[in-house]
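Here is a set of questions to work through with the model open. Each answer reasons briefly and ends on what was asked.

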Amino acid sequence: MRLVFLGPPGAGKGTHAKILSERYQIPHISTGDILRSKIKDGSEIGKKAKQFMESGGLVPDEVVIDMVTERLQEPDTKKGFLLDGFPRTLNQAKAFDLALSQLEMKLDSVLYFKASLETLLMRLTGRRVCSQCGATYHVKNLPPKKEGFCDFCENTEIIQRKDDNEDTIKNRLDVYDKDTAPLINFYKSLDVLSDMNADLDVEELDIDLEKVLAPIVNGGSE
Ligand code: ADP
Ligand code: ZN
């Protein structure tokens with residue numbers, strides 16, 4: 001099963017990607033997560049990406065395209081993959097198309113997570129992440145068992161992502177509208193897009209996702 005999750009920041013792509021990745025045992029490839037771990041490691045790519053990410057802008061296409069193309073060649077993608085946060089520009093989408101055909105892979109579906117501005121702002125401003133394992137929480141909707149600390153990592157604080165402050169969020173949403181939203185029509189025209197109501201809570205959206213994925217799971221593109 002080869003899936004792309006498309007949608008604005010805060011729509012819940014990461015949350016559902018994680019659930020489906022465990023359920024179907026396919027890798028969850030999040031370009032945001034990969035880039036954040038490269039920043040942590042102090043690698044060259046990380047150094048290049050840092051300023052773009054902290055301002056809420058996009059990392060240059062060639063950097064992420066190379067990164068994803070390499071990742072797709074790792075053996076675990078044989079069973080499929082779930083791409084979260086890529087492609088994010090038309091250039092990336094076209095390069096991705098080319099990479100897929102070279103790898104003789106076909107995309108099964110692009111799931112478009114559609115949510116209201118109110119939902120996005122509420123989720124992004126309340127989001128907290130574990131600095132160690134990356135688990136995500138929400139101050140109101142999904143608080144940790146012990147306030148301020150990760151459920152899975154002992155004595156590790158959960159923090160607000162640097163780009164989850166109000167100014168940067170606004171910029172990320174603008175960038176999404178300008179650079180990423182055009183992909184909706186791009187994938188619609190390829191007839192692989194499914195609209196998902198991402199205003200729903202996690203359990204409800206999970207049920208909808210299962211309905212959309214059922215033919216793919218049963219049809220078995222492996
Ligand atoms: P969100 O979807 O909540 O904004 P991500 O973790 O997907 O968060 O991305 C965080 C940041 O990483 C983005 O704002 C951008 O700077 C960078 N990034 C992630 N994926 C891409 C991509 N495909 N192209 C360019 N930049 C990216
Ligand atoms: Zn943790």
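Q: Is Asp177 buried or exposed?
A: This is a predicted model, and the value is computed from it. Asp177 has a relative accessible area of 53%. The cut-off for exposed is over 50%. Asp177 is therefore exposed.

Q: Which helix holds Asp177?
A: The helix in question spans residues 166-180. Asp177 lies within that run, in helix α7.

Q: How many Å separate the C-alpha atoms of Asp177 and Pro8?
A: Along the chain, Asp177 and Pro8 are 169 residues apart. In space, their C-alpha atoms are separated by 8.1 Å.

Q: Which residues come nearest to ligand 1?
A: There are 19 residues around ligand 1. Five of them are named as coming nearest. They are Thr31, Arg36, Gly57, Gln92 and Arg172.

Q: Which atom of ligand 1 lies 2.8 Å from a polar side-chain atom of Arg36?
A: Arg36 is among the residues that come nearest to ligand 1. A polar side-chain atom of Arg36 makes the 2.8 Å approach. Its partner in ligand 1 is an oxygen atom.

Q: What distance separates a polar side-chain atom of Arg172 from an oxygen atom of ligand 1?
A: Arg172 also belongs to the residues that come nearest to ligand 1. Its polar side-chain atom faces an oxygen atom of the ligand. The distance is 2.9 Å.

Q: Which residue places a backbone N or O atom 2.9 Å from a nitrogen atom of ligand 1?
A: Here the protein side of the pair is backbone, and the ligand side is a nitrogen atom. The residue is Gly85.

Q: What percentage of the area of ligand 1 does the protein bury?
A: Taken alone, ligand 1 exposes 550 Å². Of that area, the protein buries 96%.

Q: Which helix gives the most residues to the shell around ligand 1?
A: The helix covers residues 31-41. It gives 4 residues to the shell. The helix is α2.

Q: How many residues of the shell around ligand 1 are charged?
A: The shell divides into three classes. Nonpolar residues number 7 and polar residues 5. The charged residues number 7.

Q: Which residues are the protein donors of the zinc ion (ligand 2)?
A: Each donor atom is an SG. The donors lie 2.3 to 2.4 Å from the ion. Along the chain they follow the spacing C-x2-C-x16-C-x2-C. The residues are Cys130, Cys133, Cys150 and Cys153.

Q: What is the geometry of the zinc ion (ligand 2) site?
A: The site has 4 donor atoms, with angles of 103 to 116 degrees among them. Four donors count as tetrahedral if all angles lie between 85 and 135 degrees. The site is therefore tetrahedral.

Q: Is Cys130 buried or exposed?
A: Cys130 has a relative accessible area of 4%. Buried means under 20%. Another zinc donor, Cys133, is partly exposed at 43%. Cys130 is buried.

Q: What separates the C-alpha atoms of Phe5 and Asp84?
A: Phe5 lies in strand β1, residues 2-6. It is buried, with a relative accessible area of 2%. Phe5 and Asp84 are 79 residues apart along the chain. Their C-alpha atoms are separated by 5.1 Å.

Q: Which residues does a cis peptide bond join, with omega about -5 degrees?
A: One partner, Pro87, is found in the loop between β3 (81-84) and α5 (90-102). The bond joins Phe86 and Pro87.

Q: What value is phi of Asn155 near?
A: Asn155 is found in the loop between β6 (136-138) and β7 (158-159). It is exposed, with a relative accessible area of 62%. Its phi is positive, in a residue other than glycine. The value is near 55 degrees.

Q: What value is phi of Asp191 near?
A: Asp191 is found in the loop between α8 (182-189) and β8 (193-197). Asp191 is exposed, at 71% relative accessible area. Its phi is positive, near 65 degrees.

Conventions: Residues are numbered from 1 along each chain as its sequence is written. Chains are lettered from A and ligands numbered from 1 in the order in which they are written. This is a predicted model: local features need pLDDT of at least 70, side-chain atom pairs count only at pLDDT 80 or more; totals for chains, interfaces and linings use all residues. Side-chain values use heavy atoms; hydrogens and water are left out. A residue is near a molecule or strand if one of its heavy atoms lies within 4 Å of it. A polar contact is a pair of N or O atoms within 3.5 Å; within protein, one must be able to donate a hydrogen and the other to accept it, and residues adjacent in sequence count only if both atoms are side-chain atoms. Accessible areas come from the Shrake-Rupley method with a 1.4 Å probe; for residues, only the protein chains shown count as cover. Helices (H or I, at least four residues) and strands (E, at least two) are DSSP runs, numbered from the N terminus. Ala, Val, Leu, Ile, Met, Phe, Trp, Tyr, Cys and Pro count as nonpolar, Asp, Glu, Lys and Arg as charged, and the others, Gly among them, as polar. Donors are N, O and S atoms within 2.8 Å of the metal (3.2 Å for Na, K and Ca); water is not among the atoms, so sites may look incomplete. Four donors count as tetrahedral if all angles lie between 85 and 135 degrees; four count as square planar and six as octahedral if opposite donors are over 155 degrees apart and all others between 65 and 115; anything else is irregular. Buried means under 20% relative accessible area, exposed over 50%, partly exposed in between (1.4 Å probe, protein chains only).
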